[in-house]
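Here are a few short exercises to try with a structure on your screen. Have a go at each task before you read its solution.

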Amino acid sequence: MYKLFSIGAFMLSLLISCNNAQSPHTEHNHDDHSACTEEHGHDHEHDGHDHEDAHTHGYETKSTAGNHSDEIIFTPQQAEKAELEYYTVEPVTFHEVITTSGQILPAQGDEITIAATVSGVISFGNVQLSEGKNVNKGENLFYISSKNVAEGDYLARTKAAYEQALAAYERSQSLVKEMIISQKEFEQSKFNYETARTAYEAVSKNSSSRGTGVLSPLSGYVKSVLVKEGDYVTVGQPVAVVSQNQRLVLQAEVSQRYYNALRKIITANFETPYDNKVYPLDSLRGKLLSFGKSTGDGSFYLPVSFEFDNKGSVVPGSFVSVYLISSPLENVFAIPVSALTEEQGTYFVYVRLDEEGYQKREVQLGAGDGERVQILSGLKNGETIVSKGAYQVRLASVSSVIPEGHTHNH
């Protein structure tokens, strides 16, 4: 009995000790607290709760709240380095455009074909002649020699014929005075002399030890060389083409379905394949020459021709992209072609939101003249877009690097 009473008193004492330990106003030691915990099987880390979580919970959400997920950050320093330029969207006057292809041709009178003046073996002049080389009027381009051919030296034969005709003419002058020969015979002798003299003078004035020279009749550049060193040529055979390259012709080939629109064409732009540069004919004193009323043999296209000054490096004979400009379109949006980026057939521009924020915007395109393109949808009046350097902004849009410490909230 005494033993049971002692156990009950011990348990009551222990229970009172535990209650005192849990009271915030009662001092206790950690040993008693541990014992109490151990007795009840309870731990402060129960339910998986951690005191550190209580202080950090919800921080990430707050830091990212309010951001535009489609906004591209491009700082003013980056923009200056990339040399960005901007264009403000507003209604302008544009034109209907027919896009086609064409060719650059030399204007009449600006191109001459040079022919061989004698028969013989041809050699080049003082320098190696090649296409595109500049030449001056009177410059010796070729020499033609016939010293080692079966017909003999042409210069020597021409000189002998001239001397023979001269002697016969001088003799006929005295004979006609004495009425030994008729006037008709004298006239024939005179004709033979004049013919031989002209032929000899034409050859002898350009002759040297290398042969008879072939001169350029004008200043310009060599468009094409039609012979090779050592070729045998005959009199009148074309050997080269020289062009002044001052006035050129743009000939566009237009589909028949645009026939009714040809009368409205006022000018054109063209783009060359070798420098990807757009040339407006208005800045080259261009003028419309004619447009075809019918197609050519075996062709389904109508020719439209313009003439213009070659102030740049336009190469005659090259094929180009042509933008025929016709009726005006009022109050439309048109932006520089350089503002566009293309992804799998879809076109985008980059709209400037503020000093360092940009937005990628899809746009629907209309007609383009090589320099500007009509925007059918995707932009609003007054918006500012990147007109130069759009590719750099595009690279920034796919980059995972965000400027440190920047949270661009709106």
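The exercises below deal with a predicted model.

**Exercise 1. Find the residues that touch the most other members of the largest nonpolar core.**

Step 1: The largest nonpolar core has 22 residues. Step 2: Look for the ones touching the most other members, and you get Ile104, Leu250, Phe270, Phe306, Phe308 and Leu324. Step 3: Now check the strands: β3 (91-106), β13 (247-255), β14 (267-271), β17 (301-309) and β18 (319-336) each give this core at least two residues. Step 4: Zoom in on Ile104, whose contacts beyond four places in sequence include Leu250, Phe270, Phe308, Pro316 and Val320. Step 5: Don't stop there, as another core of 19 residues lies apart from the largest one, with Ala116, Phe124, Leu129 and Val222 among its members.

**Exercise 2. Work out which strands stand at the edges of the open sheet of 4 strands, β4-β12-β10-β6.**

Step 1: Pairing in this sheet is antiparallel. Step 2: Take β10 (residues 220-225) and β12 (residues 238-243), which pair over 4 bridges; Tyr221 sits opposite Ser243 in β12. Step 3: Go out to β4 (111-115) and β6 (134-135): each has a single partner strand, so one side of each has no neighbour in the sheet, and these are your edges.

**Exercise 3. Decide whether Ser326 is buried or exposed.**

Step 1: Find Ser326 in strand β18. Step 2: Its relative accessibility is 4%, and buried means under 20%, so Ser326 counts as buried. Step 3: See what surrounds it: leaving aside neighbours within four places in sequence, Ser326 contacts His95, Glu96, Lys264, Ile265 and Ile266.

Key:
Residues are numbered from 1 along each chain as its sequence is written. This is a predicted model: local features need pLDDT of at least 70, side-chain atom pairs count only at pLDDT 80 or more; totals for chains, interfaces and linings use all residues. Side-chain values use heavy atoms; hydrogens and water are left out. A nonpolar core is a set of buried Ala, Val, Leu, Ile, Met, Phe, Trp, Tyr and Cys residues joined through side-chain atoms within 4.5 Å. Buried means under 20% relative accessible area, exposed over 50%, partly exposed in between (1.4 Å probe, protein chains only). Contact means heavy atoms within 4.5 Å. Two strands pair if DSSP finds at least two bridges between them.
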